[in-house]
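Visitor: I would like to learn how to read a model of this kind, feature by feature. Where should one start?

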Amino acid sequence: TEVQILRQKLASLTSRCELLEEARKNYEGFSQGTKAILKEIGQKNPDFQRYHGVLADLLEVAPGYERAVEELLGPAVQALVAEDEEAVRKGVRYLEAQGLGRAHFIALSSFKKGRRGEGNVLDKVTTQEPYQALLASLVGDAHIIEDIEKIPFHETEKTAVTVRGELYRQGIFTGGSPLSEGMGLIGREKK
């Protein structure tokens, strides 16, 4: 009956929500070092009060473009965003002293307001004021395009990414089928 179908859909959605919440709580998809610092931030450790979290959580990406933006940003998507270089140094020293692995870090103070790139990525991604210069610097002049037929293979200085996440940067093309359709880091909260 229709009620049974609705109950099954509700159970499926509830299960997915629980899975996503568990992944968020356990920082799944992040490196060991990133997880360690995120836990310290979550526990309000005063040594990490100048951290804003990971880049993925600071971005708002238009639906359908999450994979493209995640591929374009590469490892930076899970970079820990800190106020300045001293906060970054403190994080690196912490990981080294505790033997907790490595992480990517971004010092916000390194990025100054500048020109907007020529690409269209910033039409699909937004962020709050303190992170705009950082985002503009990371995406540069990149373009999001619909499919690989429009990749500018003859223009090695261009960067383009398809909505499916195929990336062309400096003459190098990355594409194919992902080994798993795991949960991406961008947009996990919305899902």
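Guide: We go from the whole chain to single residues, and the aromatic pairs come in between. Keep in mind that this is a predicted model.

Visitor: How many helices and strands does the chain have, and in which pattern do they follow along the sequence?

Guide: There are 5 helices and 9 strands. From the start of the sequence to its end, the pattern reads α-α-β-β-α-β-α-β-β-α-β-β-β-β. A box of roughly 60 × 50 × 30 Å along the principal axes holds the C-alpha atoms.

Visitor: What do the totals say about burial, contacts and surface?

Guide: Of the 191 residues in the chain, 37% are buried. Among contacts with a separation of 6 or more, 59% are between residues 24 or more positions apart. The exposed area is about 11,800 Å², and carbon and sulfur atoms supply 50% of that area.

Visitor: How far apart are the mean positions of the positive and negative charges?

Guide: They are 3 Å apart, for 26 positive and 29 negative charges.

Visitor: Now the aromatic rings. What describes a pair of them?

Guide: Two quantities are used: the distance of the centres and the angle of the planes. In this chain the count is 5 aromatic pairs. Take Tyr51 and Phe105: the ring centres are 6.4 Å apart and the planes stand at 65°, so this pair is edge-to-face. The cut-off behind that label is an angle over 60 degrees.

Visitor: Why does the pair of Tyr51 and Phe105 tie together parts that are apart in sequence?

Guide: Tyr51 belongs to strand S1 (residues 51-54) and Phe105 to strand S4 (residues 105-107), so the pair links parts that are 54 residues apart in sequence. Tyr51 has 7% relative accessibility and counts as buried, because the limit for buried is under 20%. Both Tyr51 and Phe105 belong to one aromatic cluster with Phe48 and Tyr94.

Visitor: Which label fits the pair of Phe153 and Phe173?

Guide: That pair is tilted, with 5.5 Å from centre to centre and 50° between the planes. Phe153 sits in the loop between strand S6 (143-145) and strand S7 (159-162), while Phe173 is in strand S9 (residues 172-174), so this pair ties together parts that are 20 residues apart in sequence. Phe153 is partly exposed at 47% relative accessible area, and Phe173 is partly exposed at 33%.

Visitor: How should I read the buried side of a helix?

Guide: An α-helix has 3.6 residues a turn, so residues three or four places apart point the same way. For helix H5 (residues 132-139), the buried residues are Ala133, Leu134, Leu135, Ala136 and Val139. Their cover includes strand S2 (59-61), helix H3 (66-73), strand S3 (80-82), S4 and strand S5 (125-127). After H5 comes Gly140, with a positive phi near 50°.

Visitor: Where is phi positive in a residue other than glycine?

Guide: Lys44 is one of these cases, with a phi of about 60°. Lys44 is in the loop between H2 and S1, and at 70% relative accessibility it counts as exposed. Gln170 is another case, with phi near 50°. The loop between strand S8 (167-169) and S9 contains Gln170, which is exposed with a relative accessible area of 62%.

Visitor: Asn45 is in the loop between helix H2 (32-42) and S1. Is Asn45 buried or exposed?

Guide: Asn45 counts as buried, at 18% relative accessibility. A polar atom of the Asn45 side chain lies 2.8 Å from the backbone nitrogen of Asp47.

Visitor: What does the side chain of Thr127 reach?

Guide: The Thr127 side chain reaches the backbone oxygen of Leu58, at 2.6 Å. Thr127 is located in strand S5 and counts as buried at 14% relative accessibility.

Visitor: Which residues is Thr127 in contact with, leaving aside neighbours within four places in sequence?

Guide: They are Leu58, Leu59, Gln132 and Leu135. Leu135 also appears among the buried residues of H5, and strand S5, where Thr127 lies, is part of the cover over the buried residues of that helix.

Conventions: Residues numbered from 1 in each chain as written. Predicted model: local features only at pLDDT ≥ 70, side-chain atom pairs only at ≥ 80, totals over all residues. Heavy atoms only, no water. Phe/Tyr/Trp six-rings, centres within 6.5 Å; stacked < 30°, edge-to-face > 60°. Helix = DSSP H or I, 4+ residues; strand = E, 2+ residues; numbered from the N terminus. Buried < 20%, exposed > 50% of the residue type's maximum accessible area, 1.4 Å probe, protein only. Contact = heavy atoms within 4.5 Å. Areas by Shrake-Rupley, 256 points an atom, 1.4 Å probe, with all protein chains shown as cover. Lys, Arg positive; Asp, Glu negative; His and termini not counted. Charge placed at Lys NZ, Arg CZ, Asp CG, Glu CD. Polar contact = N/O pair within 3.5 Å; in protein donor to acceptor, adjacent residues only side chain to side chain.
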